[in-house]
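The following paragraphs offer a guided reading of the structure shown here. They move from backbone geometry to strand pairing, and then to packing and empty space.

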Amino acid sequence: AGNMRTIKIIIFVCFIIPLIFSCDRTTEVKKGEISGYILLEKQMDHSGIIVSIYPAPIVPAEIIDVNREYPQLSYPIDDYVYFDHRAYNPIKTVYTDSEGKFKIPNIAYGNYIIAYYKDGWGYNYVYNIELNNPEYNMDEHYLYQELEVPHSITNEYVFIPDRTYRISGNCVSLPGSSVIAHTNTRIIIDPDAKFQINGNFTTQFEDDSMVIITSSSSIYQPNSEVIAGLAVEFTANSTVSNLNNILFSYINDGLKITKSNIIIENCGFIRNRNSLQIFNISDIEIKENNFLLNENTLSETVYCYNTNDVVIERNIFFKNACSIKTEIGKESIIQNNYFMDGNYGLQTLWESTAIAQYNIFKGSKNALSNSGASNLEILYNEINSETCVYTFITSNWGNSPTQGWTKANNNNFRSINYAVLCNAVYYNEGNPMSLDFHNNYWGIANSDGIDDKIYDYYDAPPYDTSNGGNWGIIEYTPFKTSPITNAGIQFNNTRFR
């Protein structure tokens, strides 16, 4: 019996060990090698080029979902728009040899981005690398020596594709000049430099690429802090009527516009302090752009000061500290935009007047805010935020029945804290002022539940009415008992002023 037991154990061990090793082989991570050549133009020695590899894709799933559901919004956000080697840690980094050859071994099968650069020679990326074999041979690529942009442009100046241009001091294109930028040109701006355009500026759209304008900081030392470049400014002297296909990143004051009658479309603004600033102008259309990751809490992604007739439509705003702020902005229209996350979606201040209609707000701390004697009309929006509508006091800017009201109708409110937080004071002969919030859906179907979603006169401490001021009352009846089907993005609605 003992011998039989021993024989059975030996048979069992002989049977199970191959299975164990077989399982190890089937679950083993497959790995391969990525290699190729990167050459310095007109050089014999191609050594020292830094080659780094990053996982892909990197675009968050929620952005991909929005692009898929609303393709009529801005152009699709892919790794070309979203990736910057200064924002991520590489999996591995290697260097080219004198012949320009590099080899990145022991990489798990998957999708990757390659970044390559050398001080004084610019940088570039290779996207959509799919490693699914032991060896992946990348096509041959080139780097070209940086070109210095002159401080003064008087005639025609052309930015050539795939080149890197440095602006090391203030650069001014004079009236009558013409700047032509081909796509996949990289214009890097030193932290203390500014690019001012007083003439014409056009982009040549080719193969879905963009003109890239970014800070020069940390391009060649990506593990160090990025110091933003100053700004790109189009002045009142400029003859530009349309700005398109430009990607702005790591710029402190972003794109500054002081010229009326201009369209800004199909541009990207990512990781800036302030992205787009417009001053003292009228008739501006900002459409089909992407505003992403402008997270500095002291900044505004789109800032409008002393403007008239600004239309902001079909844009995507993602994780911005403040997506849109208007101060002394008259007759602004904000429609058919998608706002995701961030602290503030829209702020209207300092006697602004605006209509926000057919937008989606998702995940903001404060979706729409109004203060400083501004009039804000909120129509047919889908609002899912911590606080949907927030009104507050700005210094000594008092509100009145005609200047400083907030009106909201036919919206879907889904709030975590308050659907309406009414902290503003209204000068109405000491009486509480009624605010029109009729015909909204509040996420619930009974008035007791709606009251819990509102903070207003009935919740605030007594106000000293001796100077004529008092709190506001949110008038919400009648209200909808089911969601409004045509709230949110609707591309067949009519724009009006």
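**Backbone, strands and interior**

Tyr 358 has a relative accessibility of 14% and therefore counts as buried, since the limit for that class is under 20%. The model in which this residue is seen is a predicted one. Tyr 358 is placed in the loop that runs between strand 34 (353–357) and strand 35 (360–362). Its phi is positive, at about 55°, although Tyr 358 is not a glycine. Most residues other than glycine have a negative phi, and most peptide bonds are trans.

Arg 314 also has a positive phi, of about 60°, and is not a glycine. This residue belongs to the loop between strand 28 (302–313) and strand 29 (316–318). With a relative accessibility of 22%, Arg 314 is classed as partly exposed, because that class begins where the buried class, under 20%, ends.

The peptide bonds also deserve attention. Ala 56 and Pro 57 are joined by a cis peptide bond, with omega about -5°. Pro 57 sits in the loop between strand 2 and helix 2 (61–69). Another cis peptide bond links Thr 477 to Pro 478, with omega about 0°, and Pro 478 lies in the segment that follows strand 44.

Strand 44 leads on to the question of pairing. Why is strand 44 (residues 469–475) described as largely enclosed by the rest of the structure? Six of its seven residues are buried, so the surrounding structure largely encloses strand 44. Strand 41 (residues 425–427) is joined to strand 44 by three bridges, and the two run antiparallel. Within this pairing, Tyr 426 has Asn 470 of strand 44 as its bridge partner. Strand 42 (residues 433–436), by contrast, pairs with strand 44 in the parallel sense, over four bridges. Here Ser 434 is partnered by Ile 473 in strand 44.

Tyr 426 is also one of the contacts of Thr 391. Thr 391 is part of strand 38 (residues 382–391), and its relative accessibility of 2% means that it counts as buried. Leaving aside residues up to four places away in sequence, Thr 391 touches Asn 370, Thr 406, Leu 421, Cys 422, Asn 423 and Ala 424 as well as Tyr 426.

An open sheet of four strands is found elsewhere in the numbering, with the order 3-2-5-6 and antiparallel pairing. Its edge strands are strand 3 (92–95) and strand 6 (123–131), each of which pairs on one side only. From one strand to the next, the twist averages 25°. Inside the sheet, strand 2 (residues 50–55) and strand 5 (residues 110–117) run antiparallel and are joined by six bridges. Pro 55 stands opposite Tyr 112 of strand 5.

The packing of side chains comes next. In soluble globular proteins, nonpolar side chains tend to be buried together. The largest nonpolar core here has 70 residues, and those touching the most other members are Phe 195, Phe 201, Ile 257, Leu 276, Ile 286 and Trp 442. Phe 195 is in contact with several residues beyond four places away in sequence, among them Ile 153, Phe 159, Ile 167, Phe 201 and Val 232. A second, separate core holds 36 residues, including Tyr 54, Val 66, Ile 77 and Tyr 125.

Where, then, is space left unfilled? Rolling a probe the size of a water molecule over the atoms shows where empty space is left. Two cavities of 30 Å³ or more are counted, and the largest has a volume of about 110 Å³. It is lined by 13 residues, of which Phe 83, Asp 84, Tyr 125, Ile 212 and Leu 247 are the closest to its centre. Helix 3 (79–82), strand 6 and strand 21 (246–249) are the elements that give two or more residues to this lining, and strand 6 gives the most, with three.

Strand 6 also contributes to the largest pocket, which contains about 510 Å³ of space. Of the 26 residues that line this pocket, Asp 78, Asp 79, Tyr 80, Val 81 and Asp 208 lie nearest its centre. Helix 3, strand 5 and strand 6 each supply at least two lining residues. The largest share, five residues, comes from strand 6, an edge strand of the four-stranded sheet.

Notes. Residues numbered from 1 in each chain as written. Predicted model: local features only at pLDDT ≥ 70, side-chain atom pairs only at ≥ 80, totals over all residues. Heavy atoms only, no water. Pairing = 2+ DSSP bridges. Axes fitted to C-alpha atoms, helices over the stretch in contact; angles between N-to-C directions. Buried < 20%, exposed > 50% of the residue type's maximum accessible area, 1.4 Å probe, protein only. Contact = heavy atoms within 4.5 Å. Core = buried A, V, L, I, M, F, W, Y, C linked by side-chain atoms within 4.5 Å. 1 Å grid on protein atoms, 1.4 Å probe; cavity = no way out; pocket = protein on both sides within 12 Å on 5 of 7 lines; lining within 4 Å. Points joined across faces, edges and corners; volume = space filled by probe spheres on them.
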